[in-house]
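Biologist: I have a new structure to look at, and I would like to learn how you reason about it. Could we go through it together?

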Amino acid sequence: MMWEMNGAVVCAASEQGHVHGSCYSDPFQVILLRIGRHGILACVYTSETCAWGNAVSLLWPHNIRGVNFDSPNTLVGNSVCWFLIGRRFGILKFDLRSQSLSAIELPSDAVEHAPYFWINYQFLITPADDGGINFLCLSGFSAQVWKWKASCDVGAGWRLGSKVDLNNLLSLEAGVDTRPPHILGMAEDDNAMFLVTDVGVFMLHLESMQFKKLSIRMGYGTRICYPFRSFYPAGI
């Protein structure tokens, strides 16, 4: 079986008070995933040492056999997360502090466990306002947001946070030429996702549900984008 590669680049500056955005001169880390028949291998490159760390591995969870790279990875706290697919679905977490891999199974009510069902669905892993993980499932114009509570008490697990009708929220005019929004990517610092529609590109803040139509133009068939910012020191 052929193996696949994927990865992410994150800022490695963790000092108190650091604000991500002006990170061009800060140390960084590269997380590299190798997807194989039996599981996943991960390894981290650190710019401060100019070296790769030890590889860590995770066997495939039950009924999960792949990573969906059509869904963008997301930095949540100190972990980078990917969407896992198979007969079951989940979230792959790589913890940058402990250098470990783990998997969280998605709630059974959130996804339909049918072959290739996810072709008609879109998914996004987002940071929660309390530092946890949210999972957004978009089908047509309807989005469900699920919240993960990691705890040792009885209340641990997933709960449905909200349901959103994007057709009404974005004031889209329903009709033959109005196709459902397509998720382009995620800006973790702002907790905002980017959506492309027939009428333009929108930035939607997931906690406040406030949106802004952007002036940029992008074709509806665009699969994914990677938002970035540029900052300059004061006085320049």
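**Cores, strands and turns**

Modeller: Happily! Let's begin with Ile-40, which, leaving aside residues up to four places away in sequence, touches Leu-33, Arg-34, Ile-35, Val-56, Ser-57, Leu-58, Trp-60, Val-67, Leu-84, Leu-92 and Leu-101. Do keep in mind that this is a predicted model.

Biologist: What makes those residues count as touching Ile-40?

Modeller: A contact needs heavy atoms within 4.5 Å. Each residue I listed meets that test with Ile-40.

Biologist: Which residues have the most contacts inside the largest nonpolar core?

Modeller: They are Ile-31, Ile-40, Trp-82, Leu-92 and Phe-94, in a core of 19 residues. Strands S1 (4–11), S2 (28–35), S3 (39–46), S6 (64–67), S8 (79–86) and S9 each supply at least two residues of this core. There is also a second, separate core of 17 residues, and Leu-124, Leu-138, Val-145 and Leu-195 are among them.

Biologist: Why is strand S16 described as largely enclosed by the rest of the structure?

Modeller: A residue is buried when its relative accessible area is under 20%. Six of the six residues of S16 (residues 192–197) are buried, so the strand is largely enclosed.

Biologist: How do you know that both faces of S16 are covered?

Modeller: In a regular strand, side chains alternate between the two faces of the sheet. On one side of S16 we have Ala-192, Phe-194 and Val-196, on the other Met-193, Leu-195 and Thr-197, and all are buried.

Biologist: What makes S15 and S16 a pair?

Modeller: Pairing takes at least two bridges. S15 (residues 182–187) and S16 have five, in the antiparallel sense, and Ala-187 stands opposite Ala-192. The two strands form a hairpin with four residues between them, and Asn-191 in the turn has a positive phi of about 50°.

Biologist: How do you know that S16 and S17 pair as well?

Modeller: Six bridges join S16 and S17, again antiparallel, and the cut-off is at least two, so they qualify as a pair. Val-196 stands opposite Val-201 in S17, and this hairpin has two residues between its strands.

Biologist: Why is Gln-99 called partly exposed?

Modeller: Partly exposed lies between the buried limit, under 20%, and the exposed limit, over 50%. Gln-99 has a relative accessible area of 27%, so partly exposed is the right label. Gln-99 sits in the loop between strands S9 (90–95) and S10 (100–105), and its phi is near 55°, a positive value in a residue other than glycine.

Key
Residues numbered from 1 in each chain as written. Predicted model: local features only at pLDDT ≥ 70, side-chain atom pairs only at ≥ 80, totals over all residues. Heavy atoms only, no water. Buried < 20%, exposed > 50% of the residue type's maximum accessible area, 1.4 Å probe, protein only. Core = buried A, V, L, I, M, F, W, Y, C linked by side-chain atoms within 4.5 Å.
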